[in-house]
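This briefing walks through selected packing features of the structure shown below. Please keep the sequence and the coordinates open side by side while reading.

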Amino acid sequence: MSERSVRHSTHVPDLVTLHVWRTAPAALPRALTRMARDPRRLRATPGVRFGKLLGTGSGTDFGPGSVDPTRWAALAVWDSPAAAAGFDRSPVGRAWARIA
């Protein structure tokens, strides 16, 4: 049996942010549209290294029955704090702010 060396990256991202929005139940169709349209736009936002849109749940279990259709989030890893500071003015940030 041979030994394998494992390489770990020592680079730590400058900043990771979690943006959470609460929407009215009537805004569910618009929130679902945002979830379909915005993943690429989030990842294409200047300064974003990684971006993921997230749905949320009630916390009681991890199944479809605990979905919270009024709370949504975006997780982003940024090149710099300055890049992250512009998120609210980005197309994705503005689109979610309109329905929150």
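In this predicted model, pairs of rings join W21, W72, W78, F87 and W96 into a cluster. A search of the whole structure returns four aromatic pairs, and two of them are described below, followed by the helices whose buried residues pack against other elements.

**Aromatic pairs**

- The ring centres of W21 and F87 lie 6.3 Å apart with the planes at 35 degrees, and the pair is therefore classed as tilted, since a stacked pair would need planes under 30 degrees apart and an edge-to-face pair over 60.
- Because W21 belongs to strand 1 whereas F87 sits in the loop between helix 2 (81–85) and helix 3, this pair ties together parts of the chain that are 66 residues apart in sequence.
- Both partners of this pair, W21 and F87, are buried.
- A tilted pair is also formed by W72 and W96, with 6.2 Å from centre to centre and 40 degrees between the planes.
- As W72 is part of strand 3 and W96 is part of helix 3, their pairing ties together parts that are 24 residues apart in sequence.
- W72 has a relative accessible area of 8% and W96 one of 0%; residues count as buried under 20%, so W72 is buried and W96 is buried as well.

**Helix 3 (91–99)**

- The buried residues in helix 3 are V92, G93, A95, W96 and I99, and viewed down the helix axis they fall within an arc of 165 degrees, so that they line one face of the helix.
- As general background, an α-helix has 3.6 residues a turn, so residues three or four places apart point the same way.
- The packing partners of the buried residues of helix 3 are strand 1 (15–22), helix 1, strand 2 and strand 3.

**Helix 1 (28–43)**

- Helix 1 has 16 residues, which at 1.5 Å a residue should span 22 Å, and its end C-alpha atoms are 23 Å apart, in agreement with that expectation.
- A kink of about 50 degrees is found at R37 in helix 1, shortly before the proline P39.
- Which residues of helix 1 are buried? They are A31, R34, D38 and L42, and the elements against which these buried residues pack are strand 2 (48–57), strand 3 (67–78) and helix 3 (91–99).

Notes
Residues numbered from 1 in each chain as written. Predicted model: local features only at pLDDT ≥ 70, side-chain atom pairs only at ≥ 80, totals over all residues. Heavy atoms only, no water. Helix = DSSP H or I, 4+ residues; strand = E, 2+ residues; numbered from the N terminus. Expected span 1.5 Å × (residues − 1). Bend = angle between axes of the 7 residues up to and from the residue. Buried < 20%, exposed > 50% of the residue type's maximum accessible area, 1.4 Å probe, protein only. Contact = heavy atoms within 4.5 Å. Arc of directions from axis to C-beta. Phe/Tyr/Trp six-rings, centres within 6.5 Å; stacked < 30°, edge-to-face > 60°.
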